[in-house]
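Q: Could you take me on a close look at one part of this molecule, the long helix and its packing partners, and show me how that part sits in the whole chain?

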Amino acid sequence: MTVTLLAPQWAANQRLQRAANNNPPMRQGEPDKAAVKLLQQALIAAGFNMAAGADGAFGQQTANAVIAAEKHFGFTPDNGVAGREVLGALDLAQRGWKPPATGAHWGGQLARTIVPLAQRKIGRAIAALTDVRTMLATGGFDFVTADGVTMTALKTHFKLVPPGGARLPIEAFIATGTIDPLLANFRAVQRTLNNALMLKHSICTLGLDIAAEAPFGGPVLFGPAYSDFKFDPVAVTNIDVTGPNSLAAMMMHEATHVIDNLSGSDATHISEFTPEYETQPAAQARHNPSAYATFAAHMDERADRPRAQRYGLGTGRPL
Ligand SMILES: [Zn+2]
C-alpha cells in the first residue's frame, strides 16, 4: 500500500501521486508545470498566499506557501519541498478535512496527549506482572493469593495458566521464563512512549486512512486518521471519532511493533477482534501487539468485558 491522493482535482495526476510517496517529492525547479499548477491551486484554495497565482512555476513563492502549509498542519517544515506529508494533508483538505483550529485533534499532536493514559495502563500491567514475578521468585506460585484478574488476563491475552494444573495445547504455564519476556516488552514499550522522538506527527506511508504505523526500531507515525473528530465526506477514509481508550490501545500496539521484531508476522499479528485471537498459542501471543494493548487495558480496568466490548479499538468501545 502507498499513499493515494483522492481529491478530484488531483487524483488523475501521476506526478502528484508519485510526489505523495516521496518518489520523488516536488521542489523548486520542478519541471512538471501541470502538477505544480495543481499544487498551487490547492495551496491557494487552502488559504496559503501566493501573489503571482497558480502559474505552474515552482519558485520561492511556492516554496514559501508549502512551508506555511507544513507549519499549519503541524509538520516539521523543510525547505518548501512538497512530499508525502504536505500533499497528503492538502489532499484531505481539498476533500473537506478541516481539523478544529485549536488544540490537538489528530496525528502525533493528539498522540502526545494520549501518552499519560497509555502509560497508566502499561504501569498497571507491569505492576501486576511484577507481583507474579515476585511470587514465583519467593517460594513459588500460590493459587490462593494470586490476583484473579491478573490470572484471567494472562490466560485471555497471553495464554498463560497457573503451573501444575490442566492446560490446553496452546497454553503455557506461568513461570519466570514466560513472565519475564512480557515484563521486558512492557518496559520497552514504556521507554518508547517516554521518548518524544518515537512519536511522529505525519502521514502514514501505508495511506491517508491509516491511523498509525511503526517499523521495528520506530518511530511510530501517527496520521490524520488518528483523530478525535469525524471526517467522512465520501466514505473513502475511515477517519472517525476515536475515544481516548482506543487511541491508547493503538499507541500501545504500535509501540510493541517498535520494540519486538517478531510482532509483525502473520502468526503473531492477530487482532483482538478476530476469533483467531482466542486460539493463538502462547509462543506467538507473547509477540502480539494487540495482546499487549489489550492486557494493559484489562489490568487498568480490572473487569472482564463481553466479547463485543474488547479493550482496544473497535465498535464496542468508541470512547
Ligand atoms: Zn500492527
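A: Happy to. In this predicted model, the protein chain splits into domain 1, covering 14-94, and domain 2, covering 101-319. Measuring over C-alpha atoms, the centres of the two domains lie 37 Å apart. Where they touch, 8 residues of domain 1 meet 8 residues of domain 2. The domain 1 side of that meeting is made up of 3 nonpolar, 2 polar and 3 charged residues.

For the overall frame, the C-alpha atoms fill a box of roughly 80 × 35 × 30 Å along the principal axes. Within the protein chain there are 11 helices and 5 strands. Of its 319 residues, 43% count as buried. If you take the contacts between residues at least 6 apart in sequence, 57% of them join residues at least 24 apart.

Now to the helix you asked about, α5, which runs over residues 107-137. One of its partners is α8, residues 244-259, and the two pack at an angle of about 80 degrees with their axes 8 Å apart. With that angle falling between 65 and 115 degrees, α5 and α8 are therefore roughly perpendicular to each other. On the α5 side the contact is built from Leu-110, Ala-111, Ile-114, Leu-117, Ala-118, Lys-121 and Ile-122, while α8 brings Pro-244, Leu-247, Ala-248, Met-251 and Met-252. By class, that contact holds 11 nonpolar residues, no polar ones and 1 charged.

Another partner of α5 is α7, residues 176-194; here the axes come within 10 Å and cross at roughly 155 degrees. An angle over 145 degrees counts as roughly antiparallel, and α5 and α7 are therefore roughly antiparallel to each other. The crossing of α5 past α7 is left-handed. From α5, the residues involved are Val-115, Ala-118, Gln-119, Ile-122, Ala-125, Ile-126, Leu-129, Thr-130, Val-132, Arg-133 and Leu-136. From α7 they are Thr-176, Ile-179, Leu-182, Leu-183, Phe-186, Arg-187, Val-189, Gln-190 and Leu-193. This contact divides into 14 nonpolar, 4 polar and 2 charged residues. Notice that Ala-118 and Ile-122 of α5 appear in the contact with α8 and also in the contact with α7. The spacing in these lists is worth following along the helix, because an α-helix has 3.6 residues a turn and residues three or four places apart point the same way.

Stepping back into domain 1, have a look at α4, residues 84-94, which is mostly covered, with 11 of its 11 residues buried. Among them are the charged-class residues Arg-84, Glu-85 and Asp-91, alongside others including Val-86, Leu-87, Leu-90 and Leu-92. The cover over these buried residues includes α1, α2 and α3, the last of these spanning 60-72. Just after α4, Gly-96 takes a positive phi of about 100 degrees.

The loops deserve a moment too. Most residues other than glycine have a negative phi, and most peptide bonds are trans. Against that background, the loop between α1 (14-19) and α2 (33-45) is a good place to pause: Pro-24 sits there, and a cis peptide bond with omega about -15 degrees joins Asn-23 to Pro-24. Asn-22 lies in that loop between α1 and α2 as well, and its phi is positive, near 55 degrees. Asn-22 is partly exposed, because 15 other C-beta atoms lie within 10 Å.

Lys-159 also has a positive phi, near 60 degrees, and is found in the loop between α6 (148-158) and β1 (160-161). Lys-159 is buried, because 24 other C-beta atoms lie within 10 Å and the cut-off for burial is 20 or more. A further cis peptide bond runs from Gly-218 to Pro-219, with omega near -5 degrees. Pro-219 belongs to the loop between β4 (212-213) and β5 (220-222).

Finally, a stop at His-298, which is part of helix α11, residues 289-301. His-298 is buried, because 25 other C-beta atoms lie within 10 Å. Its C-alpha atom is separated by 25 Å from that of Met-198, a residue 100 places away along the chain.

Technical notes:
Residues numbered from 1 in each chain as written. Predicted model: local features only at pLDDT ≥ 70, side-chain atom pairs only at ≥ 80, totals over all residues. Domains from an automatic or database assignment. Contact = placed C-beta atoms within 7 Å. Helix = DSSP H or I, 4+ residues; strand = E, 2+ residues; numbered from the N terminus. Buried ≥ 20, exposed ≤ 12 C-beta atoms within 10 Å, placed from the backbone. Axes fitted to C-alpha atoms, helices over the stretch in contact; angles between N-to-C directions. Parallel < 35°, antiparallel > 145°, perpendicular 65-115°, else oblique. Left-handed = near helix turned anticlockwise from the far one by under 90°.
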